[in-house]
Amino acid sequence: MEGYSSDTIASALHANGVKTFTRSLKYDRPRGFFCGIGKCSSCLMRVEGIPNVRTCIAPLKKDIHVEMQDKFAKKPSAEFKRKKKKIISTDILVVGAGPAGMYASIEAINQGAKVVLVDENLQMGGQLVKQTHKFFGSKHEKAGTRGIQIAVDLEKELRNQESKGKIKIMLNSTVIGTYEGEKGKHKFALLKRDDYEENLYEVNVKAVVFSTGAMDNMLLFPGNDLPGVYGAGAVQTLMNVYGVKPGEKVLMVGAGNVGLIVSYQLLQAGIKVDRVVEAMPIIGGYHVHAAKLRRCGVPIQTSHSIKEVYGRDKVEGVIIVKLDENWQPILGSEVKVSCDTVCLAVGLTPSTRLLSQVGVEMEFVGEAGGFVALHDEDMQTTAPNVYVAGDSSGIEEASTAMIEGKIAGVSAAHSIGFDKNAIKLKKQYRGELKRLREGPFGEKPRVGKNKIKKLFEGRK
Amino acid sequence: MKKYEQDGVLTLDDLVLPSDKQLKKGVALIECIQEIPCNPCVDACPFGAISMKDINAPPIVDYDKCTACCQCVGICPGLAIFVIKVVDDKVLITLPYEFYPFPNVGDSVQALNRKGDAIGVAVVRKIRKRDKTMIITIESGKNLAMDIRNIREKK
């Protein structure tokens, strides 16, 4: 099979028509990838004799041997190499190079701190690199600029700081654990992948910012594991990052902003979007996004949901059903829709596993999308010098993630003794954040963030 | 619950419409009526014709100040701004367009309404480009001025 050097293994397989990556343990059901952004485990394969390689973020190399692994992932045939760990000591570690993490790094550097920025993907930018639409907000949040362009601008700035020795950028790298550090310090274990080989690092820092993002939610229905059922992030990644069509005809589930925007991008990529179904009685996303789809002839059906996906070994179609005012399926309202792809845009869950490992206090806050680290207005968690920003602190927009990143970056640097107008800057950024959350669409994050703040203050 | 919240399609009752006189002069009609945190159109207008109480308020166009210069069309992240100018029994509609293949000046295209239904034909009169968004001016019958909101290549 052939692919491009910029492909991941998963995108190259997809482009070659391979959608089944693994099989389920008990019933041997075919499984494809789901999240496409390195968060779930449905794309694990055996690469060059190494089992459990996350193919959706592993780079494609020439002449590699990729196998569907047996269910229990038999022992590696790759050679076991014992390498000495390398040690890095610096001021601040930022985990996750999306909009929040990039801005946290920039602001921490501006305060005078030295930074290590880590991301498990092959490129910086997080989800910005697939946002081909222009951003909302004010000019402070680069409104009117496409997400992809914001990623390019921020990367340029960070690479410039890297050349001045202010930041070390480690991509294709994963923070895998935390250890008791020296007094007043945090110690982390980090794996940096060189192709598929892993190198171990010990990272000692005075403060850390977790901006680890979020993952698409799954929805429960028969057939939800068939290859062809993808999270919205996976669909965006395939078409906007790797130029691979996820399918020819898509049924979109969810009319929030993500579902509406991804549907429009699918149309732009020349893919048919049969319809958007939404369980709520109203469209959850901005009307302007819905209008863009409607005037292209795509129907949006509110009070409709997916009943089941049918198909042998892959998605062949969907049965959708109308819901009554109590969200119960109305018998006899089923409609069969043939399609090869089902895209789920039904919300996100914050990625917080590292935060719980570090030992910060977590609570379930529904409005924030799940379990989140309690934090104050400076984005400080309950552990000293541990900060959080972006979707991993509560699901919201990229524009607010950028500002939260700025606050976390300034706060982290300030907490370890750097101060270039830090208090004034934090106040300014908090004001910008408040303004963005003032409208009706800001209600959910506003309520969520208030709950988080109250829980943070009331915990003593 | 409003209709557009259920089906994504605005009706003329949802909008503040310009007068016939203002339409003859040419004006920007902003089909953005929800309170969303967004304001680049305000900064984009060189004539100060677009205003907002705060960043979450829907934009208000002063149709007398608006010169139909189309600066706002390409900046709006929601692609929600249309410039409409009535000339005799024809209408010139300037709209944002982001699909391949790009049409050419002089092409005859299908004119689509807010639901994507083909409701007539239009001729492409002018094409500009701003940050990958095509800003296309089409000409059609005056009676379709308030209905045409998209175009499609003729098959």
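## Helix α3 of chain A and its surroundings

In this predicted model, the buried residues of helix α3 of chain A are covered by elements that include α2 (99-110), β9 (167-170) and α8 (398-415) of chain A. The residues of α3(A) that count as buried are A:Gly147, A:Ile150, A:Ala151, A:Leu154 and A:Leu158. Seen down the axis of α3(A), these buried residues fall within an arc of 100°, so they line one face of the helix. A general rule helps in reading this pattern: an α-helix has 3.6 residues a turn, so residues three or four places apart point the same way. On the face of α3(A) turned away from the buried side are the exposed residues A:Lys156, A:Arg159, A:Asn160 and A:Ser163.

How far apart are the end C-alpha atoms of helix α3 (residues 147-163) of chain A? They are 24 Å apart, which agrees with the 24 Å that its 17 residues should span at 1.5 Å a residue. After the helix comes A:Gly165, which has a positive phi, near 80°.

## A sheet of four strands in chain A

Chain A also holds an open sheet of four strands, arranged in the order β6-β12-β11-β10, and the pairing within this sheet is mixed. The edge strands are β6 (86-89) and β10 (173-180) of chain A, each of which pairs on one side only. On average, and with direction ignored, neighbouring strands of this sheet are turned by 25° against each other.

Within chain A, strand β11 (residues 186-194) and strand β12 (residues 197-205) are joined by nine bridges in the antiparallel sense. As an example of how residues match up across this pair, A:Ala189 has A:Glu202 in β12(A) as its bridge partner.

## Two hairpins in chain B

In chain B, strand β6 (residues 108-112) runs antiparallel to strand β7 (residues 118-130), and five bridges join the two. One of the matched pairs is B:Val109 with its bridge partner B:Ala122 in β7(B). The two strands β6(B) and β7(B) form a hairpin with five residues between them, and in the turn B:Gly116 has a positive phi of about 85°.

Strand β7(B) also pairs with strand β8 (residues 133-141) of chain B, again in the antiparallel sense, over seven bridges. Here B:Lys129 has B:Met134 in β8(B) as its bridge partner. How many residues lie between β7(B) and β8(B) in the hairpin that they form? There are two residues between these strands, and B:Asp131 in the turn has a positive phi of about 45°.

Definitions and conventions
Residues numbered from 1 in each chain as written. Chains lettered and ligands numbered in written order. Predicted model: local features only at pLDDT ≥ 70, side-chain atom pairs only at ≥ 80, totals over all residues. Pairing = 2+ DSSP bridges. Axes fitted to C-alpha atoms, helices over the stretch in contact; angles between N-to-C directions. Expected span 1.5 Å × (residues − 1). Buried ≥ 20, exposed ≤ 12 C-beta atoms within 10 Å, placed from the backbone. Arc of directions from axis to C-beta. Contact = placed C-beta atoms within 7 Å.
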